Amino acid sequence: MEILYKSTRGGEQGVTASMAILKGLAKDGGLFVPAQIPALDVPVETLAQMSYQEVAYEVMSRFFTDFTEEELKECIAKAYDEKFDTEEIAPITKAEDVYFLELFHGATIAFKDMALSILPHLLTTAARKNHAKNEIVILTATSGDTGKAAMAGFADVPGTRIIVFYPKDGVSPVQEKQMVTQKGENTCVVAIRGNFDDAQTGVKNIFNDKAFAEELAKDGFQFSSANSINIGRLIPQVVYYVYAYASLVRNQEIQNGDIVNVTVPTGNFGNILAAFYAKQMGLPIGKLICASNENKVLVDFFRTGVYDKNRPFILTTSPSMDILISSNLERLIYWVAGQSPEKTKACMERLQSSGKYEIDAEMREQLKDFCGDYASEEETAARIASMYENTGYVLDTHTAVAASVCEKYRKETKDATPMILASTASPYKFTRSVLHAIDAAAYDGLGDFEQMDELSRISNTEIPRAIEEIRTAPVRHNTVCDVDQMAQVVRDVLR
Ligand SMILES: *Cc1c(COP(=O)(O)O)cnc(C)c1O
């Protein structure tokens, strides 16, 4: 069955998977969605015997139907290789009766590696298939993890350039060090004076500027996006939910057919949307628990049906979730609006003009499998400490937000359904906050790398390669600009 893609705002339809990946964003500003969600027509018993790469092929081939088997398998083989420090790619650790699905074993030790290690290959394959002549320019706004993971994926991939914008004071020291030391002749990193939403809005404005696109096309460039609005990012994320379920069956933790709940630490709404897609494919997922930090726009949305970004932007210890406009929510809105582009467009226009929209009762009814809650900074730190004390397992700050929300959910609902929790970053990526939560007096005075040595000692885990590499790497990028200079920076870089 061929799956074609269309814009959530109605301006494009009948688009092949490869074209949707190549375009990133639809020309009406909407996001590409599959016209229908394919069924997971492989028995779980079969999936349970498969490697991550094999499961990836089964899932992705159902969505990316215009890729040949050979093309897709080559993309998968190039992505999920020894860049990951474990053969399983996405292993599960059970602690306090929660299945932590560890998505942080890739090149940059955060979950965005799961999709960004394959996107460059999907994109260059898509360009080849569609006879695109222009060099692909990836523009990305990052709250810390996307940028590094995207650059690691695209570095020195022929026919591509990548420019990443990040908020100067909105990322962790390790995240910043990882980015400014990025290698690759085709990579460029720029700090902006503003927050993540400013960076994301700036990138969107560049994407929507038709005159600018024409100007660049003359010079042989075309934009694409590595943000989670690209369908080529979203679909690879469906894989690990399927793989996790199959792994639990294989390990006899659950029986085939048992319902599982998932808790996902959420920012731009890509990861949890992938879980929702997995559920629509037929994976037995019950509740989708959306965990936020103190920037709890989504929590309020799930509780009231009102999305309202008009509120202070709070910098937290889980910076990759410091987001007030969750771009991927548009895909869910479209779905619960019964795939109505008109309704979706109306919501997004209201968001644009007043920063706020409300969905109707019918749409809210469709959201009943979701529930949202948040963890305060204190609760997040306390969760890291209690987990460490009880089990010796060390959670990063983002995962701890989800673990705190998960604990509250279970206490409030008495729902004992097995729980998969998306563990989105290695604690080594946020060492300072993690050690501060465990024992501030003992660790706060140490330098960044001394702290990592301490973390290795107390958690009995090896320091990941990604961290070892930046200890000595020279700074290669030091541009800082204002939000209104972003387009000019892009011109200068490409010239
Ligand atoms: C990006 C990120 C998130 C949020 O994921 P979304 O798909 O944007 O909701 C959570 N945790 C970490 C560590 C991240 O890098």
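The exercises below, each followed by a worked solution, concern a predicted model of a protein.

Residues are numbered from 1 along each chain as its sequence is written, and side-chain values use heavy atoms, with hydrogens and water left out. Because the model is predicted, local features need pLDDT of at least 70 and side-chain atom pairs count only at pLDDT 80 or more, while totals for chains, interfaces and linings use all residues.

**Exercise 1. Overall form**

Describe the secondary structure, the compactness and the surface of the protein.

Solution. Begin with the secondary structure, which comes to 22 helices and 15 strands; helices (H or I, at least four residues) and strands (E, at least two) are DSSP runs, numbered from the N terminus. The radius of gyration is 21 Å, close to the 23 Å that the globule rule gives for 495 residues, so the protein is as compact as a globular protein of that length. Here the radius is taken over C-alpha atoms, and the globule rule is 2.2 Å times the number of residues to the power 0.38. Along the principal axes, the C-alpha atoms fill a box of roughly 60 × 50 × 45 Å.

Turn next to burial, where 61% of the 495 residues count as buried; buried means under 20% relative accessible area, exposed over 50%, and partly exposed in between, with a 1.4 Å probe and protein chains only. The accessible surface, from the Shrake-Rupley method with a 1.4 Å probe, comes to about 18700 Å², of which 48% belongs to carbon and sulfur atoms.

Finally, consider contacts, meaning heavy atoms within 4.5 Å: of those with a separation of 6 or more, 75% are between residues 24 or more positions apart.

**Exercise 2. An aromatic pair**

Classify the ring pair formed by Phe207 and Phe223, and place both residues in the fold.

Solution. The rule is that rings of Phe, Tyr and Trp (its six-membered ring) pair if their centres lie within 6.5 Å, and that planes under 30 degrees apart count as stacked, over 60 as edge-to-face and the rest as tilted. By this rule the protein has 18 aromatic pairs. For Phe207 and Phe223 the ring centres are 5.9 Å apart and the planes stand at 80°, so the pair is edge-to-face. Since Phe207 belongs to helix α9 (residues 196-208) and Phe223 to strand β8 (residues 221-225), the pair ties together parts that are 16 residues apart in sequence. Phe207 is buried at 18% relative accessibility, and Phe223 is also buried, at 12%.

**Exercise 3. Tyr357 and its ring cluster**

Which residues are in contact with Tyr357, leaving aside its neighbours within four places in sequence?

Solution. Tyr357 is located in strand β12 (residues 356-358) and is buried, with a relative accessible area of 3%. Its contacts outside that sequence window are Phe301, Gly305, Val306, Tyr307, Leu329, Ile333, Cys347, Met348, Arg350 and Leu351. With Val306, the separation is 51 residues in sequence but 5.8 Å in space, C-alpha to C-alpha. Tyr357 also belongs to a cluster linked by ring pairs, together with Phe269, Phe276, Phe301, Phe302, Tyr307, Trp335 and Phe370.

**Exercise 4. Helix α7**

Why is helix α7 (residues 145-154) described as largely enclosed by the rest of the structure?

Solution. Nine of the 10 residues of α7 are buried, so the helix is largely enclosed by the rest of the structure. The buried residues include Asp145, Lys148, Met151 and Phe154. After the helix comes Asp156, whose phi is positive, near 60°.

**Exercise 5. Two buried residues**

Compare the places and contacts of Thr424 and Val434.

Solution. Take Thr424, which is in the loop between β14 (419-423) and α19 (431-443) and counts as buried at 7% relative accessibility. Beyond its neighbours within four places in sequence, Thr424 has contacts that include Phe104, Pro265, Asp396 and His398. Val434, by contrast, is in helix α19 and is buried, with a relative accessible area of 0%. With the same kind of neighbours set aside, Val434 is in contact with Ile384, Val394, Leu395, Asp396, Thr397 and Pro427.

**Exercise 6. Positive phi in a loop**

Is Gln339 buried or partly exposed?

Solution. Gln339 occupies the loop between α14 (329-336) and α15 (341-354), where its phi is near 60°, a positive value in a residue other than glycine. With a relative accessible area of 25%, Gln339 is partly exposed.
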